[in-house]
Structures are given as C-alpha cells and as structure tokens.
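Student: I would like to learn how to read a few features of a protein model. Can we go through them in turn?

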Amino acid sequence: MAVELDVFVGNTTIMDEEVYQLWLDGYTVNDAVKVRMQGGVLEECEANADVLLSDTMDQYRTFQMCERLLHSPPKLANQLLFQIPPHRQTILIERYYAFDDLFVREVLGKKLSKGTKKDLDDISAKTGVTLKSCRRQFDNFKRVFKVVEELKGPLVENIRQHFLLSDKLARDYAAIVFFANNRFETGKRKLQYLNFQDFAFCAGQLISNWTVGAVDNMVEDMDVDLDKEFLQELKELKILITDKDLLDQHKSLVCTALRGKTKAFNEMEANFKNLSRSLVNIAAKLTNTKDVRDFFIDLVEKFIEPCRSDRWTAADMKLYLTHYTNSAHILDTFKHQVVWDRYMGVIKSCIFKMYHD
C-alpha cells in the first residue's frame, strides 16, 4: 500500500506573513487556502491546489507550536526549536499582540474575567471580528494585565520589557490595563461617539498626571491606581464654587479675558457658574469608586453636552478652558494652585480630545 508524505526540510523557519495574518484572524485552513488562491498565489508560485493546502497546513502547525512562546515573548528569542531571525520575531510578536480597535472598544473598562469572555460571541457578531480572533485578543489583554498589575516601575516600560512590544502598542496596552483596573464606564450610549484612541489618549494623561507613579516612580501599582492622596486634595477645590465672592471674582476674570474673542461669549457668560460647578463637583467626587468609573460620562453629560448645545466650536472650548484655568491663579484667596493645575491639566487635555464640534 503506497503512502504519500509531504516533507519540508530546512533550517530557517519559513513563515509567510500573509498566512500568519490569516491564522491570527481566525481563518480555518480551507478558508485561508481560498483567500490565498484568490490572491493569485498559485500563478505566482506555479503550484497546484494540493501543494498550497499542504503549505498552509504546515505553516498553521508552525504557528500553533510558536503560540505558547508568544505568550511570553522573551522565550521566543531564547529557544532553539525554531530558527527565526530577530526582525521576524519582532513581526510575529507585534502582530500577535495587535488588536482590532472595534473589538477593544467593546471590552474597554470591563473586568477581564470569565463573565466578559462569555460575551465574546455577541461581540464577534457585532464587530465582524472572528470569535477565534476575539478570544486571542481578550486572552492577550488578560495576560498582560496579570503580568504587570503588581510590578513596580512605569507601566508602559514594564509592558515593553515583558512583552517586547513597540512603544505605540505598549501605550495602547497600558490604556487597556488602566481602564480594566479602574473599571471606567465606556459603554453608555452617550460615549459611543468616542473611539478607542480617544480613550487611550485620555488614559495616557491620567497615568502621567493622576497616578501615584506621577509623583513617585518606584511604588507598588504606581501607574495602575489613581493617587488617593491627590483625589482627597481635590475636595479643597470646592471653595471655588462654595465661596460666592470667589465664584463671582473667577467669573469676572474669565469673562473679561473672553469678551470680544468669541461668538459664544454670551452663552459662556450666562453658563459660567453652572459649568464651573460641574467641573469642580466632578473633582470633589473622585474619592468615590463609582464616581471614578463615571468620570467620562460625567464629563460628557455635565460639561461637553451643555457646551455643544450652545454650539461652541473646538476653538471656543480651548479658549474658555485656557482662561478658566489660568484665571484661578489670579484669585487672591485661592491657595490650591498646584492641585488645581494637576487637575485641570488633565481635564483640559481630555475635553479637547473628546469635544468634536
């Protein structure tokens, strides 16, 4: 009885980047073969369908054997089973940990637990990302979170060192870890206009300015947890809205600076006290876990939406918040400038990113 064997012999491990992407995207071998045939690979290589199927199967087996090494990328560089050049290792790792923005947007801020994993069927149907790819991406988020959540040192750097990711991808993962740890609400209807990169930018601002690591870069959980001492100090800002003289003085300074510079001046003047109360009250409530979770929805509902309804442009917003922040420095009896600047620096950056006029 004749037995046919396909034998591939070589030293350097052959990996086709297109096939690797098909594997990552969750295509079956047969579907991957169809995609490759449609791309004209048979004509390019002068091969037949059987050879293409055999090649695809062989590469899929190689990727599956590499996968356990990709779970801990430094192991890929130190193993002898696969002869993979360094530049190719970098591509394998970067692509394995890459994710779909539509997918991450659905799980951002949720607990990286079995409960969320059960929802992946629905997320796959909603986003068009295959279930296999959704699982890979979710497991990657969970794996990175578990490794870095207890480490000392800067979050982005820890992710880069332990997973050998590019700076951009490491920063994106830092945002995912930060949101998962603090459980920020991102799923409400009013937040749907914001994409992952909008939130990732805001996460970067919060990590750089409001975490313990922003003050001391060698403490436990430094870039994952918000600085509780700072959040407590934010309560001191309430004097800006509870002291009537201070509130009136602040309004006068801001309106004097804005007069003649924007078409929205009348609305800004009329709504100053309400808008100031909103921003200060958001600050004062951040000692409560629920209010931390609602940070973004509060910014949208209590500040961005009122400004949008008054038809402020992005330039109006920048002008207003700049003078609103700076004018507090001129108030004689206001003694909390350092806390104010640390708070408003992040608030301004986030609102500028979130305000689409």
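Tutor: We will take cysteines, one helix, one buried side chain and some salt bridges, bearing in mind that this model is predicted.

Student: How many disulfides are there by the rule?

Tutor: A disulfide is a covalent bond between the sulfur atoms of two cysteines. Here the count is zero.

Student: Which cysteine sulfur is closest to that of Cys 350, and why is there no bond?

Tutor: The closest is in Cys 202, at 3.4 Å, and this is too far for a bond because the sulfurs would have to be within 2.5 Å. Cys 350 is also buried, at 0% relative accessibility. Cys 134 is buried too, with a relative accessible area of 0%.

Student: How do I read a helix such as H19, and what is its span?

Tutor: Compare the span from its first C-alpha to its last with the expected one. H19 covers residues 295-309 and reaches 20 Å, close to the expected 21 Å.

Student: Where is the kink in H19?

Tutor: At Phe 303, where the kink is about 35°, shortly before Pro 306. Phe 303 is one of the buried residues of H19, which also include Phe 295, Leu 299 and Cys 307. The helices that the buried residues of H19 pack against include H12, H17 and H21. Just after H19, Arg 311 has a positive phi of about 65°.

Student: Is Asn 182 buried or exposed?

Tutor: Asn 182, which lies in helix H12, is buried, with a relative accessible area of 11%. A polar atom of the Asn 182 side chain lies 3.0 Å from the backbone oxygen of Phe 178. Leaving aside residues up to four places away in sequence, Asn 182 touches Val 224, Leu 226 and Arg 293.

Student: How many salt bridges does the structure hold?

Tutor: There are 20. For each one, look at where the two partners sit in the chain. Asp 16 and Arg 36 meet at 3.8 Å, N to O. Asp 16 is in the segment before helix H1 and Arg 36 is in helix H2, so this pair ties together parts 20 residues apart in sequence. Asp 16 is partly exposed at 25%, whereas Arg 36 is buried at 5%.

Student: Which residue does Asp 227 pair with?

Tutor: Arg 342, with the closest N and O atoms 3.2 Å apart. Asp 227 lies in the loop between H13 and H14 and Arg 342 in helix H21, 115 residues apart. Asp 227 counts as buried, at 10% relative accessibility.

Student: Which residues are linked in a network of salt bridges?

Tutor: Glu 157, Arg 160, Asp 167 and Arg 171 form such a network.

Note on methods. Residues numbered from 1 in each chain as written. Predicted model: local features only at pLDDT ≥ 70, side-chain atom pairs only at ≥ 80, totals over all residues. Heavy atoms only, no water. Buried < 20%, exposed > 50% of the residue type's maximum accessible area, 1.4 Å probe, protein only. Helix = DSSP H or I, 4+ residues; strand = E, 2+ residues; numbered from the N terminus. Expected span 1.5 Å × (residues − 1). Bend = angle between axes of the 7 residues up to and from the residue. Contact = heavy atoms within 4.5 Å. Polar contact = N/O pair within 3.5 Å; in protein donor to acceptor, adjacent residues only side chain to side chain. Salt bridge = Lys/Arg side-chain N within 4 Å of Asp/Glu carboxyl O.
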